Amino acid sequence: VVRLGRLCIDLNANEIHRPMEDTLTFTKYLGGSPANITIALTRLGLSTGFIGRIADDQFGRFIRRYLEQAGVDTTCVVTDRPGSVTGLAFTEIKSPTDCSILMYRDNVADLNLEPGDVKEELIADARALVVSGTALAASPSREAVFAAISYARKHGTTVVYDIDYRPYTWRNRDEIRVCCSLVAEQSDIILGGKEEFSLLEPEGASELAFDEEAVARRWLGHRAGLVVIKRGGDGSVAYAGDGGVYPGRTFPAQVVKTFGAGDAFAGSFLYGLLQDWPIGRCQDYGAAAANIVVSSHSCSDAMPTREAV
(Lines give C-alpha, C1' and ligand atoms only; values in the text may rest on other atoms or scores of the structure.)
Protein backbone atom coordinates (compact mmCIF):
# COMPACT_ATOMS: atom_id res chain seq x y z
CA VAL A 1 0.00 0.00 0.00
CA VAL A 2 1.32 3.44 -0.94
CA ARG A 3 0.19 6.50 1.04
CA LEU A 4 0.43 10.09 -0.17
CA GLY A 5 0.04 13.16 2.01
CA ARG A 6 1.30 15.05 5.00
CA LEU A 7 3.97 14.03 7.44
CA CYS A 8 4.06 16.13 10.59
CA ILE A 9 4.64 16.09 14.32
CA ASP A 10 2.09 15.53 17.10
CA LEU A 11 2.89 17.14 20.42
CA ASN A 12 0.45 15.57 22.86
CA ALA A 13 -0.20 17.19 26.22
CA ASN A 14 1.24 15.30 29.16
CA GLU A 15 -0.84 17.16 31.73
CA ILE A 16 -4.23 15.85 30.70
CA HIS A 17 -7.51 17.13 32.10
CA ARG A 18 -6.36 20.75 31.92
CA PRO A 19 -6.51 23.43 29.21
CA MET A 20 -3.55 23.97 26.91
CA GLU A 21 -2.71 27.35 28.41
CA ASP A 22 -1.93 25.52 31.65
CA THR A 23 -0.08 22.64 29.99
CA LEU A 24 3.69 22.71 30.48
CA THR A 25 5.00 19.59 28.74
CA PHE A 26 4.22 17.63 25.62
CA THR A 27 5.42 14.32 24.17
CA LYS A 28 6.55 14.21 20.54
CA TYR A 29 5.17 11.61 18.11
CA LEU A 30 5.03 11.09 14.37
CA GLY A 31 1.76 12.72 13.30
CA GLY A 32 -0.63 13.43 10.49
CA SER A 33 -3.49 11.19 9.43
CA PRO A 34 -1.64 9.83 6.36
CA ALA A 35 1.38 8.93 8.50
CA ASN A 36 -0.80 7.32 11.17
CA ILE A 37 -2.66 5.17 8.66
CA THR A 38 0.64 4.10 7.08
CA ILE A 39 1.97 3.01 10.46
CA ALA A 40 -1.32 1.20 11.17
CA LEU A 41 -1.00 -0.81 7.94
CA THR A 42 2.68 -1.52 8.57
CA ARG A 43 2.09 -2.76 12.11
CA LEU A 44 -0.55 -5.12 10.78
CA GLY A 45 2.04 -6.68 8.48
CA LEU A 46 1.54 -5.04 5.09
CA SER A 47 4.33 -3.72 2.91
CA THR A 48 3.96 0.06 2.73
CA GLY A 49 5.51 3.06 1.05
CA PHE A 50 5.03 6.80 1.45
CA ILE A 51 5.03 9.71 -1.00
CA GLY A 52 5.63 13.07 0.66
CA ARG A 53 7.99 15.89 1.53
CA ILE A 54 9.66 16.60 4.86
CA ALA A 55 11.40 19.74 6.03
CA ASP A 56 15.16 20.01 6.15
CA ASP A 57 15.10 20.30 9.93
CA GLN A 58 15.33 18.22 13.09
CA PHE A 59 11.67 17.23 12.94
CA GLY A 60 12.04 16.15 9.32
CA ARG A 61 14.95 13.92 10.21
CA PHE A 62 12.94 12.44 13.08
CA ILE A 63 10.08 11.63 10.70
CA ARG A 64 12.31 9.90 8.15
CA ARG A 65 14.03 7.83 10.83
CA TYR A 66 10.69 6.83 12.38
CA LEU A 67 9.32 5.64 9.02
CA GLU A 68 12.46 3.72 8.16
CA GLN A 69 12.63 2.02 11.53
CA ALA A 70 8.96 1.04 11.16
CA GLY A 71 9.74 -0.59 7.80
CA VAL A 72 8.06 1.94 5.49
CA ASP A 73 9.60 2.43 2.01
CA THR A 74 10.80 6.06 2.01
CA THR A 75 12.09 6.12 -1.58
CA CYS A 76 9.56 8.86 -2.38
CA VAL A 77 9.95 10.83 0.87
CA VAL A 78 11.80 13.92 -0.37
CA THR A 79 13.67 16.36 1.86
CA ASP A 80 12.38 19.81 0.90
CA ARG A 81 14.57 22.77 0.04
CA PRO A 82 15.68 24.86 3.04
CA GLY A 83 13.16 27.39 4.32
CA SER A 84 10.05 25.29 4.76
CA VAL A 85 9.05 23.83 8.13
CA THR A 86 7.47 20.73 9.60
CA GLY A 87 3.77 21.01 10.42
CA LEU A 88 3.01 20.83 14.14
CA ALA A 89 -0.14 19.70 15.93
CA PHE A 90 -0.39 20.52 19.65
CA THR A 91 -3.12 18.52 21.34
CA GLU A 92 -5.24 19.52 24.31
CA ILE A 93 -6.80 16.76 26.40
CA LYS A 94 -9.26 18.36 28.83
CA SER A 95 -11.27 15.18 29.29
CA PRO A 96 -11.96 11.93 27.42
CA THR A 97 -14.64 13.75 25.40
CA ASP A 98 -13.20 17.29 25.27
CA CYS A 99 -10.07 17.25 23.11
CA SER A 100 -8.79 19.76 20.58
CA ILE A 101 -5.87 20.27 18.23
CA LEU A 102 -3.92 23.48 17.61
CA MET A 103 -2.25 23.17 14.20
CA TYR A 104 0.59 25.15 12.67
CA ARG A 105 0.45 24.76 8.89
CA ASP A 106 2.16 27.87 7.46
CA ASN A 107 4.98 27.23 4.96
CA VAL A 108 4.92 23.47 5.57
CA ALA A 109 7.12 21.15 3.54
CA ASP A 110 4.41 18.58 2.77
CA LEU A 111 2.47 21.02 0.55
CA ASN A 112 5.59 21.48 -1.61
CA LEU A 113 5.27 17.91 -2.93
CA GLU A 114 5.65 18.03 -6.72
CA PRO A 115 4.38 15.71 -9.48
CA GLY A 116 7.99 14.79 -10.21
CA ASP A 117 8.32 13.38 -6.69
CA VAL A 118 5.72 10.72 -7.53
CA LYS A 119 7.40 7.60 -8.89
CA GLU A 120 5.22 5.64 -11.28
CA GLU A 121 6.90 2.32 -10.51
CA LEU A 122 6.06 2.55 -6.79
CA ILE A 123 2.36 2.96 -7.56
CA ALA A 124 2.44 0.35 -10.33
CA ASP A 125 3.73 -2.25 -7.86
CA ALA A 126 1.11 -1.43 -5.18
CA ARG A 127 -2.29 -2.95 -4.58
CA ALA A 128 -3.65 0.36 -3.33
CA LEU A 129 -2.85 4.06 -3.39
CA VAL A 130 -4.30 6.01 -0.45
CA VAL A 131 -4.49 9.78 -0.98
CA SER A 132 -5.19 12.45 1.62
CA GLY A 133 -7.52 15.42 1.18
CA THR A 134 -5.13 17.76 2.96
CA ALA A 135 -2.65 17.26 0.11
CA LEU A 136 -5.20 18.95 -2.18
CA ALA A 137 -5.22 22.21 -0.22
CA ALA A 138 -2.47 23.93 -2.22
CA SER A 139 -0.22 23.63 -5.25
CA PRO A 140 2.04 21.90 -6.17
CA SER A 141 0.89 19.15 -3.78
CA ARG A 142 -2.54 19.21 -5.44
CA GLU A 143 -1.06 18.40 -8.83
CA ALA A 144 1.04 15.62 -7.29
CA VAL A 145 -2.15 13.94 -6.09
CA PHE A 146 -3.63 13.93 -9.59
CA ALA A 147 -0.36 12.62 -11.03
CA ALA A 148 -0.42 9.75 -8.55
CA ILE A 149 -4.05 8.95 -9.35
CA SER A 150 -3.30 8.91 -13.08
CA TYR A 151 -0.53 6.35 -12.50
CA ALA A 152 -2.88 4.26 -10.36
CA ARG A 153 -5.56 4.30 -13.06
CA LYS A 154 -2.97 3.33 -15.68
CA HIS A 155 -1.74 0.31 -13.71
CA GLY A 156 -5.01 -0.87 -12.13
CA THR A 157 -4.02 0.13 -8.60
CA THR A 158 -6.99 0.67 -6.30
CA VAL A 159 -7.45 4.34 -5.33
CA VAL A 160 -8.56 5.00 -1.76
CA TYR A 161 -9.54 8.56 -0.87
CA ASP A 162 -9.38 9.64 2.76
CA ILE A 163 -11.14 13.05 2.74
CA ASP A 164 -9.09 14.11 5.79
CA TYR A 165 -10.41 17.69 5.86
CA ARG A 166 -8.56 20.27 7.93
CA PRO A 167 -9.66 23.92 7.74
CA TYR A 168 -6.11 25.24 7.49
CA THR A 169 -4.65 26.35 4.13
CA TRP A 170 -7.89 26.05 2.13
CA ARG A 171 -9.01 29.43 0.79
CA ASN A 172 -12.79 28.93 0.47
CA ARG A 173 -15.61 26.38 0.39
CA ASP A 174 -15.79 26.31 -3.43
CA GLU A 175 -12.13 25.30 -3.68
CA ILE A 176 -12.72 22.46 -1.20
CA ARG A 177 -15.80 21.18 -2.99
CA VAL A 178 -14.31 21.27 -6.48
CA CYS A 179 -10.91 19.73 -5.69
CA CYS A 180 -12.18 17.07 -3.30
CA SER A 181 -15.06 16.11 -5.58
CA LEU A 182 -12.72 15.63 -8.53
CA VAL A 183 -10.69 13.13 -6.51
CA ALA A 184 -13.79 11.41 -5.11
CA GLU A 185 -15.08 10.85 -8.63
CA GLN A 186 -11.88 8.97 -9.51
CA SER A 187 -11.67 6.86 -6.34
CA ASP A 188 -12.60 3.23 -5.77
CA ILE A 189 -13.05 3.59 -2.01
CA ILE A 190 -13.94 6.81 -0.14
CA LEU A 191 -13.65 7.29 3.63
CA GLY A 192 -14.72 10.31 5.66
CA GLY A 193 -16.86 11.66 8.44
CA LYS A 194 -20.32 13.14 7.98
CA GLU A 195 -18.95 16.69 8.18
CA GLU A 196 -16.30 15.87 5.57
CA PHE A 197 -18.82 14.45 3.12
CA SER A 198 -20.99 17.54 3.69
CA LEU A 199 -18.18 19.69 2.29
CA LEU A 200 -18.49 17.84 -1.02
CA GLU A 201 -22.21 18.50 -1.33
CA PRO A 202 -23.51 20.98 -3.95
CA GLU A 203 -23.64 24.65 -3.05
CA GLY A 204 -26.67 25.48 -0.95
CA ALA A 205 -27.01 21.99 0.55
CA SER A 206 -27.65 22.10 4.29
CA GLU A 207 -25.74 19.90 6.70
CA LEU A 208 -28.93 19.71 8.74
CA ALA A 209 -30.56 17.93 5.81
CA PHE A 210 -27.64 15.53 5.35
CA ASP A 211 -29.01 12.28 3.95
CA GLU A 212 -26.28 9.76 4.64
CA GLU A 213 -27.53 7.09 2.27
CA ALA A 214 -28.22 9.55 -0.55
CA VAL A 215 -24.71 10.98 -0.20
CA ALA A 216 -23.18 7.50 -0.34
CA ARG A 217 -25.27 6.56 -3.39
CA ARG A 218 -24.15 9.73 -5.13
CA TRP A 219 -20.50 8.70 -4.94
CA LEU A 220 -21.27 5.07 -5.70
CA GLY A 221 -22.76 6.41 -8.93
CA HIS A 222 -19.28 7.42 -10.05
CA ARG A 223 -16.37 4.99 -9.79
CA ALA A 224 -16.51 4.07 -6.12
CA GLY A 225 -17.49 0.58 -5.11
CA LEU A 226 -17.43 1.34 -1.38
CA VAL A 227 -18.19 4.46 0.65
CA VAL A 228 -17.46 4.45 4.38
CA ILE A 229 -18.95 7.17 6.56
CA LYS A 230 -17.36 7.45 10.00
CA ARG A 231 -19.65 8.48 12.86
CA GLY A 232 -17.07 9.03 15.59
CA GLY A 233 -18.25 7.56 18.87
CA ASP A 234 -21.24 6.05 17.09
CA GLY A 235 -19.15 3.79 14.87
CA SER A 236 -19.42 3.82 11.09
CA VAL A 237 -21.48 2.58 8.19
CA ALA A 238 -20.23 1.18 4.87
CA TYR A 239 -22.27 1.43 1.66
CA ALA A 240 -21.33 -0.98 -1.11
CA GLY A 241 -21.92 -0.70 -4.81
CA ASP A 242 -24.05 -3.86 -4.80
CA GLY A 243 -26.58 -2.17 -2.51
CA GLY A 244 -25.28 -3.65 0.73
CA VAL A 245 -25.27 -1.50 3.86
CA TYR A 246 -22.97 -2.53 6.70
CA PRO A 247 -23.26 -0.68 10.02
CA GLY A 248 -20.21 -0.87 12.27
CA ARG A 249 -20.06 -0.99 16.03
CA THR A 250 -17.82 0.34 18.77
CA PHE A 251 -16.22 -1.36 21.75
CA PRO A 252 -16.21 -0.02 25.33
CA ALA A 253 -12.94 1.78 26.06
CA GLN A 254 -11.08 3.59 28.81
CA VAL A 255 -10.84 6.72 26.68
CA VAL A 256 -7.78 8.95 27.11
CA LYS A 257 -8.39 11.12 24.03
CA THR A 258 -10.60 11.01 20.96
CA PHE A 259 -8.20 11.87 18.14
CA GLY A 260 -6.46 9.08 16.24
CA ALA A 261 -9.46 6.76 16.37
CA GLY A 262 -10.43 7.46 12.77
CA ASP A 263 -6.90 6.76 11.55
CA ALA A 264 -6.71 3.47 13.45
CA PHE A 265 -10.12 2.51 12.08
CA ALA A 266 -9.19 3.40 8.49
CA GLY A 267 -5.89 1.53 8.53
CA SER A 268 -7.34 -1.62 10.05
CA PHE A 269 -10.47 -1.51 7.89
CA LEU A 270 -8.31 -1.26 4.75
CA TYR A 271 -6.13 -4.09 6.03
CA GLY A 272 -9.21 -6.30 6.23
CA LEU A 273 -10.34 -5.34 2.73
CA LEU A 274 -6.93 -6.29 1.37
CA GLN A 275 -7.31 -9.70 3.02
CA ASP A 276 -10.63 -10.06 1.15
CA TRP A 277 -12.58 -10.24 4.40
CA PRO A 278 -16.33 -9.58 4.50
CA ILE A 279 -17.08 -5.91 5.07
CA GLY A 280 -18.67 -6.61 8.46
CA ARG A 281 -15.47 -8.20 9.71
CA CYS A 282 -13.46 -5.23 8.40
CA GLN A 283 -15.76 -2.93 10.39
CA ASP A 284 -15.17 -4.91 13.59
CA TYR A 285 -11.42 -4.96 13.03
CA GLY A 286 -11.32 -1.22 12.51
CA ALA A 287 -13.45 -0.60 15.59
CA ALA A 288 -11.18 -2.75 17.74
CA ALA A 289 -8.08 -0.88 16.56
CA ALA A 290 -9.78 2.45 17.26
CA ASN A 291 -10.57 1.22 20.78
CA ILE A 292 -6.87 0.59 21.41
CA VAL A 293 -5.75 4.00 20.12
CA VAL A 294 -8.28 6.10 22.04
CA SER A 295 -7.14 4.27 25.18
CA SER A 296 -3.55 5.44 24.58
CA HIS A 297 -1.72 8.76 24.84
CA SER A 298 -0.27 8.60 21.33
CA CYS A 299 -1.68 7.92 17.88
CA SER A 300 1.17 6.58 15.72
CA ASP A 301 2.94 4.76 18.55
CA ALA A 302 -0.34 3.15 19.64
CA MET A 303 -1.29 1.66 16.27
CA PRO A 304 -1.83 -2.02 17.13
CA THR A 305 -0.46 -5.28 15.82
CA ARG A 306 -2.70 -8.12 14.60
CA GLU A 307 -2.28 -9.88 17.93
CA ALA A 308 -3.39 -6.78 19.86
CA VAL A 309 -6.47 -6.33 17.69
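Q: How do the residues lining the largest cavity divide into nonpolar, polar and charged?
A: Keep in mind that this is a predicted model. The lining is made up of Met103, Arg105, Leu111, Thr134, Ala137, Arg166, Tyr168, Thr169 and Trp170. Arg counts as charged and Thr as polar, while Met, Leu, Ala, Tyr and Trp count as nonpolar. That gives 5 nonpolar, 2 polar and 2 charged.

Q: Which elements give two or more residues to the lining of the second largest cavity?
A: Let's look at who lines this space of about 40 Å³. Arg53 and Ile54 are among the lining residues, and so are Gly60 and Ile63. The elements to name are strand 4 (49-54) and helix 2 (58-70).

Q: Which strands stand at the edges of the open sheet?
A: The sheet has 9 strands in the order 5-4-1-8-9-10-11-12-13, with mixed pairing. A strand at the edge has a single partner, so one side of it is left without a neighbour in the sheet. Those strands are strand 5 (73-79) and strand 13 (245-247).

Q: Which residue does Gly193 stand opposite in strand 11?
A: Strand 10 (residues 189-193) and strand 11 (residues 226-230) run parallel and are joined by 5 bridges. Across from Gly193 in strand 11 you will find Lys230.

Q: What angle does the direction of helix 4 make with that of strand 8?
A: Helix 4 (residues 141-155) packs on the sheet, where it touches strand 1, strand 8 and strand 9. Helix 1 (residues 33-43) also lies across strand 8, among others, and runs at about 170° to strand 1. For helix 4 and strand 8, the angle is about 160°.

Definitions and conventions
Residues are numbered from 1 along each chain as its sequence is written. This is a predicted model: local features need pLDDT of at least 70, side-chain atom pairs count only at pLDDT 80 or more; totals for chains, interfaces and linings use all residues. Side-chain values use heavy atoms; hydrogens and water are left out. On a 1 Å grid over the protein atoms alone, a cavity is a set of points where a 1.4 Å probe fits but cannot get out, and a pocket is an open set with protein on both sides within 12 Å along at least five of seven lines; lining residues have an atom within 4 Å of a point. Grid points are joined across faces, edges and corners, and a volume is the space filled by probe spheres set on the points. Helices (H or I, at least four residues) and strands (E, at least two) are DSSP runs, numbered from the N terminus. Two strands pair if DSSP finds at least two bridges between them. Contact means heavy atoms within 4.5 Å. Axes are lines fitted to C-alpha atoms, for helices over the stretch in contact, and angles run from 0 to 180 degrees between N-to-C directions.
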